[in-house]
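Subject: The structure we talked about

Hi,

Here is the structure I promised to pass on, along with some notes on what turned up in it. Open it in your viewer and follow along as you read.

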Amino acid sequence: MRAVRVEAHGGPEVLVPAEVPEPEVGAEDVLVDVAAAGVNYIDTYLRSGLYPATLPAVPGLEGAGTVRAVGSAVTDLAVGDVVAFCDGPGTYAEAAAIPAARCVPVPSGVSVDLAAAVLLQGLTAHYLLHDTYAVQPGDTVLVHAGAGGMGLLLCQMASALGATVLATTSTPEKASLARAAGASSVLGYEDFAEEARSLTSGAGVAAVYDGVGATTFDGSLAALRVRGVLALYGAASGPVPPVDPQRLNAAGSVYLTRPSLGWHVRTTASLRARAAEVFAAVADGSLSVRVGARYPLEAAVDAHRDLEGRASTGKLLLVP
């Protein structure tokens, strides 16, 4: 089958189209014909070597498609079912073998493209806003990269929970997208902490949702109110250097956490329940999913360059 493979760690150029054997289907797996695969920052971490991986490897964790075969122990999925998944592995390919327990049935009101585009980021936004810091009506929160796939979902969902949303973006076009998603104010990256404090009469924000990392961390910490929460859920600009815990005291007894999706969807029941809420919002139109671009499988290198070069908005998809 056609796939994209990483044979050595490095930049986007190490993503090489290849013919590889179809994956073996274990007793508890399903074989899915991938209709669309989501492109995520975690894919770039695996490609670059920031996260360990055994090479050669087919990257990609997220996708959606139709079940073509089921393992002998699978009882809750059948051939022909449309499913989505976000902890792969090997979704940059025409087919992927996925543990059935990690698949989510896609409801009829959600297209396969949107299912692939929203699952990982939608689940992440859901746990960040409901669990990491549970947004309350009247809160003011700060969302970094407000026009990215994650940022657009966070802006919409936080606004729907009654928060005033501040968002950072890097261009006027991206600022317009963030405002349309519910951000009441859009800030530049240079002085966002000072602007956030000004907009909150000096108090600071209840929470900062920061997937950027190294370049925004200090400002994110400075933007928090007393006992505010810094949810550092990613590191698009690079990892944050070690932090002296005394800084959290000095900033007002604030909280710093480095959450990840896996710990919030540890069981099939929790995964599917959280996904059902996200898919229901997509189906009823209350959550809009922006697909910024679709790339053929062989153009994965371009997708990674656009993602890392901040040349994209919304979610990027690979279409085998």
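One cut-off first: a residue counts as buried when its relative accessible area is under 20%, as exposed when that area is over 50%, and as partly exposed in between. Keep in mind as well that this is a predicted model.

Let's try the cut-off on R102. Its relative accessible area is 15%, so R102 is buried. R102 sits in the loop between β6 (95-99) and β7 (104-105). Which residue does the side chain of R102 meet in a salt bridge? That's D87, with 3.0 Å from N to O. The two come from distant parts of the chain, 15 residues apart, as D87 belongs to the loop between β5 (82-85) and β6. D87 has a relative accessible area of 33%, so this partner is partly exposed. As a general point, side chains of opposite charge can pair when their charged atoms come close.

R102 also has T268 as a neighbour: leaving out residues up to four places away in sequence, T268 touches A101 and R102. T268 is part of helix α8 (residues 268-283), and its relative accessibility is 25%, so T268 is partly exposed. A polar atom of the T268 side chain lies 2.9 Å from the backbone oxygen of A101. If you'd like a distance to check in your viewer, go from T268 to A64: they are 204 residues apart in sequence and 17 Å apart in space, C-alpha to C-alpha.

Now back to salt bridges. How many does the structure hold? There are 13. Here are two more that link distant parts of the chain:

- R294 and D113 form a salt bridge, with their closest N and O atoms 2.7 Å apart. R294 is in strand β14 (residues 291-296) and D113 in helix α2 (residues 112-132), 181 residues apart. R294 has 49% relative accessibility, so R294 is partly exposed, whereas D113, at 18%, counts as buried.
- D131 and R274 form another, with the closest N and O atoms 2.9 Å apart. This pair connects helix α2 to helix α8, across 143 residues. D131 is partly exposed at 43%, while R274 is buried at 12%.

There is also a network: R2, E94 and E298 are joined by salt bridges that share partners.

While you're looking at D131 and R274, find H126, which is in helix α2 too. Is H126 buried or exposed? With a relative accessibility of 8%, H126 counts as buried. Setting aside neighbours within four places in sequence, H126 is in contact with D131, M157, R274, E277 and V278. That list includes both partners of the D131 and R274 salt bridge.

Next, have a look at helix α4 (residues 172-180). Which of its residues are buried? They are K174, A175, L177 and A178. Looking down the axis of α4, you'll find these buried residues within an arc of 160°, so they line one face of the helix. P172, E173 and A180 are exposed on the other side of α4. What covers the buried residues? The cover includes α3 (149-160), β9 (164-168) and β10 (183-187). Just after α4 comes G182, with a positive phi of about 120°.

Those two strands go with α4 in another way: β9, α4 and β10 make up a right-handed β-α-β unit. β9 and β10 run parallel and are joined by four bridges. For a spot to zoom in on, A167 stands opposite V186 in β10. β10 is mostly covered, with four of its five residues buried.

Last stop: R47, in helix α1 (residues 41-48). Its relative accessible area is 4%, so R47 is buried. The R47 side chain reaches the backbone oxygen of G11 at 3.3 Å. Apart from neighbours within four places in sequence, the contacts of R47 include H9, G10, G11 and P12, and also H304 and E308.

Have fun exploring, and write back if anything is unclear.

Cheers

Technical notes:
Residues are numbered from 1 along each chain as its sequence is written. This is a predicted model: local features need pLDDT of at least 70, side-chain atom pairs count only at pLDDT 80 or more; totals for chains, interfaces and linings use all residues. Side-chain values use heavy atoms; hydrogens and water are left out. Buried means under 20% relative accessible area, exposed over 50%, partly exposed in between (1.4 Å probe, protein chains only). The arc is that of the directions from the helix axis to the C-beta atoms. Contact means heavy atoms within 4.5 Å. A polar contact is a pair of N or O atoms within 3.5 Å; within protein, one must be able to donate a hydrogen and the other to accept it, and residues adjacent in sequence count only if both atoms are side-chain atoms. A salt bridge is a side-chain nitrogen of Lys or Arg within 4 Å of a carboxyl oxygen of Asp or Glu. Two strands pair if DSSP finds at least two bridges between them. A crossover is right-handed if, with the strands pointing away from the viewer, the path from the first strand over the helix to the second runs clockwise.
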